[in-house]
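Reader: Before I rely on any label in your description, I would like to hear the reasoning behind it. Could we go through the labels one at a time?

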Amino acid sequence: MPAISLYVHWPFCLAKCPYCDFNSHVAQDIDAIKWRDALILDLDMQTRAACQHLGVAEGQLFLTSIFFGGGTPSLMPPFIIADILDRAARLCITAPDMEITAEANPTSAETAKLQGFYQAGINRLSLGIQSLEDEGLKFLGREHSAKEALTALEKTAAIFPRWSADLIYGLPQQSLDNWQKQLAEITTNEPAHLSCYQLTIEPGTVFHTRHKKGAELTADPDRVADLYLLTEEFLQQKGLAAYEVSNYARPAQASRHNLNYWQAGNWLGIGPGAHGRLTSINGRYNRINRRSPSGWLESMGTPAAGLEGEAIEQPQDYFNEYWMMGLRLTQGVNWPAAGQFGDPGLQLNSEWLDRFIAEGWLIANDEKLSTSLEGRLRLDMILSHLLD
Ligand SMILES: C[S@@+](CC[C@H](N)C(=O)[O-])C[C@H]1O[C@@H](n2cnc3c(N)ncnc32)[C@H](O)[C@@H]1O
Ligand code: SF4
């Protein structure tokens, strides 16, 4: 029975943060029933198509995790979540300990809804704290204060059996001391999982425009590298080991849903702009939904049914994705069997591979290739040399 994950995209936010290039939009008058029905229709159709792709009878997919991402899923009415979970359980065989995560923002209005999300079936919450300082939150254009973030953290920890928080570091002039204080504060709440992201200037964002005009919006690269090293060392001491470039967890608390992406598993993506991947004897099938929320919604009632594009990946693309995703994980990636991607000739650049191993940035044995901490600091550069 093929294992599969489900990603559900909710594309709406209270405000657009100036650094964010996710498919997120500010909208008035969201018709909740229409959105619920369209998401469920997408789920129905994609589940049926996945059974065909994977060569199994309907109802024979084994669903191991669900992730409500965005956008801001904590703005969803909880009944939509409950209805999607109910439908997923009818369409698939669900794992007994299925991980069901939702992203949430810590404004007080959303914190008041947390119990409702738990009752709807969410068993893991990912809280977008970003900073524990009002100055940092203002710089990032966030809608919540540091006090609201701490209240949301406490309430989350009291309600959800598993939870995580997102933080962003590398703000302009951010000192090691400032970052360590935030890490110390968040770990007093005993998270079992944290995501710490380096502030990145993404094309198409307000920060990108300001950056092009010369505004200083990030710490300098050497400082950012020091902040990265500090994060890993500090969190390790607190029992949260790095398991991916930006993710830290206590034993057995890694995000199972995200592990499935990094390990080239199967998943369905429903909602605007969502991606999906399915591997079968025919290759790696790649599907992407229409990105525009209104375009996707209107298209759900037509034969196009929300689809932007679909293809069987070229062997080189599948090979590149396998390594780009897998080397993010500290546990590394198995050497693939020749021909696994449809072309037995695909290989990493052996000259660069040897050099990076000699530098101590990559670690190789008969089974696996993995990165060292110094290697993860340079992962983009390493991948650009290893892959065609
Ligand atoms: C889908 S986003 C946001 C989820 C939720 N709406 C929020 O804002 O908390 C997931 C995470 O990506 C991170 N992120 C988004 N844009 C980023 C950027 N430009 N640089 C670094 N981290 C970013 C943030 O930490 C965010 O919590
Ligand atoms: S960071 Fe989160 S809240 Fe801000 S615009 Fe992006 S998805 Fe929305």
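**Cysteines and ligand contacts**

Author: In this predicted model, Cys13 has a relative accessible area of 13%, and because buried means under 20%, Cys13 is called buried.

Reader: What makes Cys92 buried or exposed?

Author: The relative accessibility of Cys92 is 9%, and the limit for buried is under 20%, so Cys92 counts as buried.

Reader: How do you know whether Cys92 is bonded to the closest cysteine sulfur?

Author: The closest cysteine sulfur to that of Cys92 belongs to Cys51 and is 7.0 Å away, whereas a disulfide requires two sulfur atoms within 2.5 Å, so this pair is too far apart for a bond. A search of the whole structure likewise finds zero disulfides.

Reader: What makes the approach of Gln130 to ligand 1 a polar contact?

Author: An N or O atom in the side chain of Gln130 is 2.7 Å from an oxygen atom of ligand 1, and since the cut-off for such a pair is 3.5 Å, the term applies. The side chain of Arg142 also places an N or O atom 2.8 Å from an oxygen atom of the ligand, while for Thr200 a backbone N or O atom lies 2.9 Å from a nitrogen atom of ligand 1. The protein buries 92% of the 560 Å² that ligand 1 exposes when taken alone.

Reader: Which strands supply at least two residues each to the shell around ligand 1?

Author: They are strand E4 (124–130), strand E5 (162–169) and strand E6 (193–198), and by class the shell has five nonpolar, eight polar and four charged residues.

Key
Residues are numbered from 1 along each chain as its sequence is written. Chains are lettered from A and ligands numbered from 1 in the order in which they are written. This is a predicted model: local features need pLDDT of at least 70, side-chain atom pairs count only at pLDDT 80 or more; totals for chains, interfaces and linings use all residues. Side-chain values use heavy atoms; hydrogens and water are left out. Buried means under 20% relative accessible area, exposed over 50%, partly exposed in between (1.4 Å probe, protein chains only). A polar contact is a pair of N or O atoms within 3.5 Å; within protein, one must be able to donate a hydrogen and the other to accept it, and residues adjacent in sequence count only if both atoms are side-chain atoms. Accessible areas come from the Shrake-Rupley method with a 1.4 Å probe; for residues, only the protein chains shown count as cover. Helices (H or I, at least four residues) and strands (E, at least two) are DSSP runs, numbered from the N terminus. Ala, Val, Leu, Ile, Met, Phe, Trp, Tyr, Cys and Pro count as nonpolar, Asp, Glu, Lys and Arg as charged, and the others, Gly among them, as polar.
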